Amino acid sequence: MTGASVALLAGTMSTILFASSALPMVVKAIRTRDLASYSPWNLVLANVGNAVHCIYVVHLPPGPIWILHGFYVVTSALMLLWWLRFHTRRREVREALT
């Protein structure tokens, strides 16, 4: 097995592991619509970091890093959008109850 093959295998395995570690968080957010435990600043910083990291990733040859980065871009953006949507909705419900 060549060095490039080992690197590709390692990149593929780490992509699968990182993505599968984040999936339960995304599934729970979809299912419960409860993102109160997430910091909005953390979600914003994750999205800004992903945007800056895009500059680096697009200059790499296509491979597992593109898949992993794409996964992070999509999930981070969705989490921020869901936080904004569900946080506003919860506030409206609280105000209606008081």
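A residue counts as buried under 20% relative accessible area, as exposed over 50%, and as partly exposed in between. Keep that scale in mind for this predicted model.

Take leucine 9. Its relative accessibility is 45%, so leucine 9 counts as partly exposed. Leucine 9 lies in helix α1, which covers residues 3-32. Leu9 also helps to make a nonpolar surface patch, together with Met1, Val6, Met13 and Ile16. The patch has an area of about 530 Å².

Now the whole chain. The protein chain has 3 helices and 0 strands. From the N terminus on, its elements run α-α-α. What share of the 98 residues counts as buried? The answer is 22%.

The table collects the chain-wide values.

| Property of the protein chain | Value |
|---|---|
| Residues that count as buried | 22% of 98 residues |
| Accessible surface | about 7,000 Å² |
| Share of that surface belonging to carbon and sulfur atoms | 73% |
| Contacts joining residues at least 24 apart, among those between residues at least 6 apart in sequence | 75% |

Next comes helix α2, at residues 40-57. How far apart should its ends be? Helix α2 has 18 residues, and at 1.5 Å a residue they should span 26 Å. The C-alpha atoms at its ends are 25 Å apart, so the expected span and the model agree.

Which residues of α2 are buried? They are Leu43, Asn47, Asn50 and Val57. On the scale above, each of these has under 20% relative accessible area. Leucine 9 in α1, at 45%, is partly exposed.

Definitions and conventions:
Residues are numbered from 1 along each chain as its sequence is written. This is a predicted model: local features need pLDDT of at least 70, side-chain atom pairs count only at pLDDT 80 or more; totals for chains, interfaces and linings use all residues. Side-chain values use heavy atoms; hydrogens and water are left out. Helices (H or I, at least four residues) and strands (E, at least two) are DSSP runs, numbered from the N terminus. The expected span of a helix is 1.5 Å times one less than its number of residues. Buried means under 20% relative accessible area, exposed over 50%, partly exposed in between (1.4 Å probe, protein chains only). Patches are made of residues with over 30% relative accessible area and no salt bridge: like charges are joined within 9 Å, nonpolar side chains (Val, Leu, Ile, Met, Phe, Trp, Tyr) within 5 Å. Accessible areas come from the Shrake-Rupley method with a 1.4 Å probe; for residues, only the protein chains shown count as cover. A salt bridge is a side-chain nitrogen of Lys or Arg within 4 Å of a carboxyl oxygen of Asp or Glu. Contact means heavy atoms within 4.5 Å.
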